[in-house]
Amino acid sequence: MILYRIGELAKAANISERTIDYYTKLGLIAPESRSMKNYRLYSHETLIALERINQLKQEKYTLEEIKSMMTKWNSATPETDVSDKLVLLELQMQRLEREVKALEPMISGLKPVQAKRALAALIPQGVACMEAIRLLLTQGPPM
C-alpha cells in the first residue's frame, strides 16, 4: 500500500499542504495512519478523493455539498450499483439546475417569440427525462 506524507500528497494532487489540512479538519479526507515520527500518512484512495473534490469544485459545488456526496459514495456497498447510478444522476441534475439558474438572466432578456421557441424545443426532452427518472425511482426492485 502506498502511503503519502502531507507534502507528497500535496505535490501529487497539485494542491497546497494547507488545503489538505483544511480538508482533513472538515472531514473530507482522513489520514490512513501515522508514522513513527507522528506524521500523518494518507493512502492512494485519498489522492483519488482529492481529485474528485477538485473536479466537483470546478463544477461549482460547495465543500458542504461535496462532503455530503462523498459520504454517500463512501457508504455505498459493492452491491449498490443502482444507488451509485442514482447518486450520479442526482449530481447531474444539480449541475443542470445550476446551469439553468445561470441562464435565467439571458432567458428573461429574450423576446416573447424567442422564449416560446426555446421552451417548445426543451419541454418534450425535459418531460421525457423527468418521466424516465420518476419511473426508475417509483418502480420497485425486480423480484
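## Surface and overall make-up

Let's start from the outside: the protein has an accessible surface of about 10,900 Å², and carbon and sulfur atoms hold 60% of that. Keep in mind that this is a predicted model. As for the inside, 20% of the 143 residues of the protein count as buried.

## Fold at a glance

Six helices and three strands make up the secondary structure of the protein. Read from the N terminus, the elements go β-α-α-β-β-α-α-α-α.

How much of the contact count comes from residues 24 or more positions apart? Taking the contacts in the protein with a separation of 6 or more, such pairs account for 55%.

## Where α1 meets α3

Two packed helices are described by the angle between their axes and the distance between the axes. Here the pair is helix α1, residues 6–13, and helix α3, residues 44–58. Their axes come within 10 Å and cross at roughly 45 degrees. That angle makes α1 oblique to α3, because values under 35 degrees would count as roughly parallel and 65 to 115 as roughly perpendicular. As for handedness, α1 passes α3 in a right-handed crossing.

Which residues do the touching? On the α1 side they are Leu9, Ala12 and Ala13, and these meet Thr46, Leu47, Leu50 and Asn54 in α3. Sorted by class, the contact of α1 with α3 has five nonpolar residues, two polar ones and no charged ones. The nonpolar set is Leu9, Ala12, Ala13, Leu47 and Leu50, because Ala and Leu count as nonpolar. Thr46 and Asn54 are the polar pair, because Thr and Asn are outside both the nonpolar and the charged lists.

## Two backbone spots to check

If you like scanning phi values, have a look at Asn14. Its phi is near 60 degrees, a positive value in a residue other than glycine. Asn14 is found in the loop between α1 and α2, the latter covering residues 17–26. Is Asn14 buried or exposed? Asn14 counts as exposed, because its relative accessibility of 71% is over the 50% cut-off.

Lys60 is another one for the list: its phi is positive, at about 75 degrees, although Lys60 is not a glycine. Where does Lys60 lie? Its place is in the loop between α3 and α4, with α4 spanning residues 63–75. Lys60 has a relative accessible area of 62%, so by the over-50% rule Lys60 is exposed.

Technical notes
Residues numbered from 1 in each chain as written. Predicted model: local features only at pLDDT ≥ 70, side-chain atom pairs only at ≥ 80, totals over all residues. Heavy atoms only, no water. Axes fitted to C-alpha atoms, helices over the stretch in contact; angles between N-to-C directions. Helix = DSSP H or I, 4+ residues; strand = E, 2+ residues; numbered from the N terminus. Parallel < 35°, antiparallel > 145°, perpendicular 65-115°, else oblique. Left-handed = near helix turned anticlockwise from the far one by under 90°. Contact = heavy atoms within 4.5 Å. Buried < 20%, exposed > 50% of the residue type's maximum accessible area, 1.4 Å probe, protein only. Areas by Shrake-Rupley, 256 points an atom, 1.4 Å probe, with all protein chains shown as cover.
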